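Q: I would like to learn how aromatic ring pairs are read in a protein model. Could you take me through the idea and then through the case shown here?

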Amino acid sequence: IDIATRVAYSVSNALTVDILPLSDDFSIVEMKVPYIFDSKTVSEINLRQKYNLNLIAIVHDGKATGNITPNTMLYSKDSMYICGTNKSITAFQDHLK
């Protein structure tokens, strides 16, 4: 994906930091944790069931981890990396607007 497309994607959603397309229809997105997820566990937000997305990493206090459990807490100052179809990612981001 070219830089202009990445910038346009990020500008279209204030929470999106970066996107890494793995194919034409599947991507990894780095985004700020939405305020509605602040102080909630992974099981409470239920990304996989509600949005068909997988949470693959979290950056908290500058430290990244992929060791995510249902009890892992999310905070609005953190970044999260999600992956899924572009359609699912777009629907999730539209839901957050």
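**Contacts and ring pairs**

A: Among the contacts in the chain with a separation of 6 or more (contact meaning heavy atoms within 4.5 Å), 59% are between residues 24 or more positions apart. This is a predicted model, in which local features need pLDDT of at least 70 and side-chain atom pairs count only at pLDDT 80 or more, while totals for chains, interfaces and linings use all residues. Residues are numbered from 1 along each chain as its sequence is written, and side-chain values use heavy atoms, with hydrogens and water left out.

Q: How is a pair of aromatic rings described, and how many aromatic pairs does the structure hold?

A: The description rests on the distance of the centres and the angle of the planes. Rings of Phe, Tyr and Trp (its six-membered ring) pair if their centres lie within 6.5 Å, and planes under 30 degrees apart count as stacked, over 60 as edge-to-face and the rest as tilted. The structure holds two such pairs. The ring centres of Phe-37 and Phe-92 are 6.1 Å apart with planes at 20°, so this pair is stacked, whereas Tyr-51 and Phe-92 form an edge-to-face pair, with 4.7 Å centre to centre and 65° between the planes.

Q: Which parts of the chain does the pair of Tyr-51 and Phe-92 tie together?

A: Helices here are DSSP runs (H or I, at least four residues) and strands likewise (E, at least two), numbered from the N terminus. Tyr-51 lies in helix H3 (residues 47–51) and Phe-92 in helix H4, so the pair joins parts that are 41 residues apart in sequence. Ring pairs link Phe-37, Tyr-51 and Phe-92 into a cluster.
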